[in-house]
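Hi everyone, and thanks for coming. Let me put the structure up on the screen, and then we can walk through it together.

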Amino acid sequence: MDTLTLPRPDDWHLHLRDGALLEAVAPQAAAVFSRAIIMPNLQPPVTTVEQAAAYRQRILAALPAGSTFEPLMTLYLTDNTPPEEIARAAASGFVHAVKLYPAGATTHSDAGVTDLLLCYDALAAMEEHGLPLLIHGERTGPELDIFERETAFIDDVLQPLLDRHPRLRVVLEHVTTAEGAELVTGDDPRLAGTFTPQHLLYNRNDLLVGGLKPHYYCMPILKREADREALLEAATSGHPRVFLGTDSAPHPQGAKESACGCAGCYTAPIALSLYAEAFEAAGALGRLADFAGRNGPAFYGLPVNQETVTLERAPLEVPASYPGGDAPVVPLRAGETLAWRLRQP
Ligand code: DOR
Ligand code: ZN
């Protein structure tokens with residue numbers, strides 16, 4: 001197979017940032033994706049519908065003329081999110097989900113949730129209004145090994161949460177472990193999972209062996225090879241509730257290549273090529289269209305995009321960096337050649 005046509009894909013987990021960086025990266029995402037679920041971990045975080053509306057306008061203003069890219073906004077859940085804000089979000093028409101960052105789990109998560117019991121009323125309102133909870137699934141705490149945070153979250157936090165809120169719809173985002181993959185490909189219709197290109201292609205050796213590679217560093221951190229294999233199997237399984245979420249997370253070059261480097265892989269402009277590489281390696285290119293273009297809209301109750309894109313087997317040179325506004329942004333696979341690229345219209 002040398003070409004593959006699929007519905008124009010959506011990204012169900014994308015960081016666009018703000019200010020000059022937003023202006024630089026929004027057109028790059030919009031060149032690939034039709035819609036994207038936009039992460040709310042700005043500083044300060046997007047906790048209200050009013051803030052989400054203003055952020056949405058800044059995103060739309062950063063798009064090239066004529067772009068039809070649609071930002072699907074999210075609210076950042078805090079210990080104090082009022083249930084009334086959830087009702088407003090559900091009524092807004094442009095807020096599509098609420099994001100849970102456990103406090104301290106990752107970039108800009110300081111305002112995140114310290115104890116989900118404090119969010120009982122907000123979560124009950126989400127059940128009532130059918131607004132999904134998008135979860136950064138890592139338990140935090142100084143005693144927890146960084147490689148065990150996701151499995152600890154699933155056992156200690158996620159299962160009790162699903163028991164307490166039987167109608168809550170949940171997306172376990174950027175699944176990184178075999179346990180997570182098994183959970184989201186089970187038969188619980190409330191649960192879906194997103195998979196990043198880096199977690200389908202790489203394991204922790206790629207990050208750490210032969211020198212520390214900061215552009216492979218993201219949260220949740222890359223895991224063992226057995227986990228990667230389980231993730232690839234889940235993503236290519238044809239299960240209806242697994243879909244594309246890049247977690248493309250741009251940081252200025254200096255913040256990544258640093259003695260205390262930020263977590264996040266920048267992949268939006270090359271994400272489709274990376275997913276094609278992973279799906280081809282699994283012998284499952286034929287399943288990419290559902291993963292990238294159909295399963296996500298079905299979970300969110302949105303129409304599948306009518307427009308199509310074509311991937312072709314042709315070399316794509318990944319630049320050393322992209323302009324990022326104030327400083328360059330180095331993508332994953334910078335300077336390498338990828339085997340698949342999007343055919344330009
Ligand atoms: O690696 C990550 N980067 N993981 C996250 O959860 C957040 C993201 C970011 O905002 O940079
Ligand atoms: Zn993210």
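Let's start with a question: is Asp156 buried, partly exposed or exposed? Asp156 is partly exposed, because its relative accessible area is 41%. On the words: buried means under 20% relative accessible area, exposed means over 50%, and partly exposed is in between, with a 1.4 Å probe and protein chains only.

Before we go on, a little housekeeping. This is a predicted model, where local features need pLDDT of at least 70 and side-chain atom pairs count only at pLDDT 80 or more, while totals for chains, interfaces and linings use all residues. Residues are numbered from 1 along each chain as its sequence is written, chains are lettered from A and ligands numbered from 1 in the order in which they are written, and side-chain values use heavy atoms, with hydrogens and water left out.

Back to Asp156, then. Its partner in a salt bridge is Arg139, and the closest N and O atoms are 2.4 Å apart. A salt bridge here is a side-chain nitrogen of Lys or Arg within 4 Å of a carboxyl oxygen of Asp or Glu. Asp156 sits in helix α5 (residues 149–164) and Arg139 in the loop between β6 (133–135) and α5, so this pair, 17 residues apart, links distant parts of the chain. When I say helix or strand, I mean DSSP runs numbered from the N terminus: helices are H or I with at least four residues, and strands are E with at least two. Arg139 counts as partly exposed, at 24% relative accessibility.

How many salt bridges does a search of the whole structure find? The search finds 16. In general, side chains of opposite charge can pair when their charged atoms come close.

Another of these pairs is Asp2 with Arg313, whose side chains meet in a salt bridge at 2.6 Å, N to O. Asp2 lies in the segment before β1 (3–7) and Arg313 in strand β10 (residues 308–317), so the pair ties together parts that are 311 residues apart in sequence. Arg313 is partly exposed, at 36% relative accessibility. There is a third member here too: Asp2, Glu280 and Arg313 are linked in a network of salt bridges.

For a pair within one helix, look at Glu225 and Arg228, whose side chains meet in a salt bridge of 2.9 Å, N to O. They are 3 residues apart in helix α9, so about one helical turn separates them. Glu225 counts as partly exposed at 30% relative accessibility, whereas Arg228 is buried at 16%.

Now please look at the loop between α8 (204–208) and α9 (225–235), which is where Val209 is placed. Val209 is exposed, with a relative accessible area of 52%. Together with Leu208 and Leu212, Val209 makes a nonpolar surface patch of about 310 Å². Patches are made of residues with over 30% relative accessible area and no salt bridge; like charges are joined within 9 Å, and nonpolar side chains (Val, Leu, Ile, Met, Phe, Trp, Tyr) within 5 Å. The accessible areas come from the Shrake-Rupley method with a 1.4 Å probe, and for residues only the protein chains shown count as cover.

Pro220 is also found in the loop between α8 and α9. The peptide bond from Met219 to Pro220 is cis, with omega near -5°. A cis peptide bond also joins Gln43 and Pro44, with omega about 0°, and Pro44 is in the loop between β3 (35–38) and α2 (49–61).

While we are on the backbone, which way does phi go at His174, positive or negative? His174 has a positive phi of about 30°, although it is not a glycine. His174 lies in the loop between β7 (170–172) and α6 (178–184), and it is buried, at 1% relative accessible area. Arg333 is not a glycine either, and has a positive phi of about 65°. Arg333 belongs to the loop between β10 and β11 and is buried, with a relative accessible area of 9%.

Last stop, near the end of the numbering I have for you: Gln344 lies in the segment after β11 (337–342). Gln344 counts as exposed, at 64% relative accessibility. The C-alpha atoms of Gln344 and Val309 are 8.8 Å apart, with their positions 35 residues apart along the chain.
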